[in-house]
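The following exercises are to be worked through with the sequence and the coordinates at hand. Each task is followed by a solution that goes step by step.

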Amino acid sequence: QLEMTDSGYVIADDDQKTSVEGVWAAGDVCDWTYRQIATSVGAGCKAALQVEHYIAKLEDRVYPGNTE
C-alpha cells in the first residue's frame with residue numbers, strides 16, 4: 001500500500017518514487033506545497049525518466065547516462 005500523509009497525499013522521494021516498488025507519483029497527488037502545473041510537469045518528467053531507468057534495469061539493459 002502507498003505511504004500517504006494524514007492529508008491524503010502520496011509520499012514520494014526526490015526521484016518521485018513511492019513506498020511501493022515500481023510505482024512513482026507526480027503532480028498534485030504528492031505536491032501539497034505548490035500544486036502548480038509547472039512543478040507538476042517537472043515532477044512528471046522526472047518520474048518518467050526514473051521509470052525508464054527502472055524498466056531498463058529489469059530488462060538488464062544499459063540506459064544512457066545511468067551511473068549504476
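**Exercise 1. Determine how many disulfides the chain has, starting from the sulfur of Cys45.**

Step 1. In this predicted model, the cysteine sulfur closest to that of Cys45 belongs to Cys30, and the separation is 14 Å.

Step 2. A disulfide requires two cysteine sulfur atoms within 2.5 Å, so the 14 Å between the sulfurs of Cys45 and Cys30 is too far for a bond.

Step 3. Starting from the other end gives a consistent result, since the sulfur of Cys30 has its closest cysteine sulfur in Cys45, again at 14 Å.

Step 4. The count of disulfides is therefore zero.

Step 5. As to their surroundings, Cys30 is buried at a relative accessible area of 14%, whereas Cys45, with 45% relative accessibility, is partly exposed.

**Exercise 2. Identify the salt bridges, and state which residues are linked in a network.**

Step 1. The criterion to apply is a side-chain nitrogen of Lys or Arg within 4 Å of a carboxyl oxygen of Asp or Glu.

Step 2. Glu52 and Arg61 satisfy this criterion, their closest N and O atoms being 3.1 Å apart.

Step 3. Glu59 also forms a salt bridge with Arg61, and here the closest N and O atoms are 2.6 Å apart.

Step 4. The total is two salt bridges, and Glu52, Glu59 and Arg61 are linked through them in a network.

Step 5. To place these residues with respect to solvent, note that the partly exposed class lies between 20% and 50% relative accessible area. Glu52 falls in this class at 26%, Arg61 at 35%, and Glu59 at 49%.

**Exercise 3. Describe the second largest pocket by its volume and its lining, and then follow Asp31 from that lining to its side-chain contact.**

Step 1. The second largest pocket holds about 180 Å³ of space.

Step 2. Its lining consists of 14 residues, and those nearest the centre of the pocket are Ala12, Asp13, Gln16, Cys30 and Asp31.

Step 3. Sorted by class, the lining of this pocket comprises seven nonpolar, three polar and four charged residues.

Step 4. Cys30, already met in the first exercise as a buried residue, is thus joined among the residues nearest the pocket centre by Asp31, which is also buried, with a relative accessible area of 13%.

Step 5. Asp31 is located in the segment that precedes α1 (37-58), and its side chain makes a polar contact of 3.2 Å with the side chain of Thr39.

**Exercise 4. Summarise the overall build of the chain, and say how far Leu49 is from Asp15 in sequence and in space.**

Step 1. The secondary structure of the protein chain amounts to one helix and zero strands.

Step 2. Taken along the principal axes, the C-alpha atoms fill a box of roughly 40 × 30 × 15 Å.

Step 3. Of the 68 residues in the protein chain, 21% are buried, a class that requires under 20% relative accessible area.

Step 4. Leu49 belongs to helix α1 and, at 42% relative accessibility, counts as partly exposed.

Step 5. Between Leu49 and Asp15 there is a separation of 34 residues in sequence, while their C-alpha atoms are 9.1 Å apart in space.

Methods
Residues are numbered from 1 along each chain as its sequence is written. This is a predicted model: local features need pLDDT of at least 70, side-chain atom pairs count only at pLDDT 80 or more; totals for chains, interfaces and linings use all residues. Side-chain values use heavy atoms; hydrogens and water are left out. Buried means under 20% relative accessible area, exposed over 50%, partly exposed in between (1.4 Å probe, protein chains only). On a 1 Å grid over the protein atoms alone, a cavity is a set of points where a 1.4 Å probe fits but cannot get out, and a pocket is an open set with protein on both sides within 12 Å along at least five of seven lines; lining residues have an atom within 4 Å of a point. Grid points are joined across faces, edges and corners, and a volume is the space filled by probe spheres set on the points. Ala, Val, Leu, Ile, Met, Phe, Trp, Tyr, Cys and Pro count as nonpolar, Asp, Glu, Lys and Arg as charged, and the others, Gly among them, as polar. Helices (H or I, at least four residues) and strands (E, at least two) are DSSP runs, numbered from the N terminus. A polar contact is a pair of N or O atoms within 3.5 Å; within protein, one must be able to donate a hydrogen and the other to accept it, and residues adjacent in sequence count only if both atoms are side-chain atoms.
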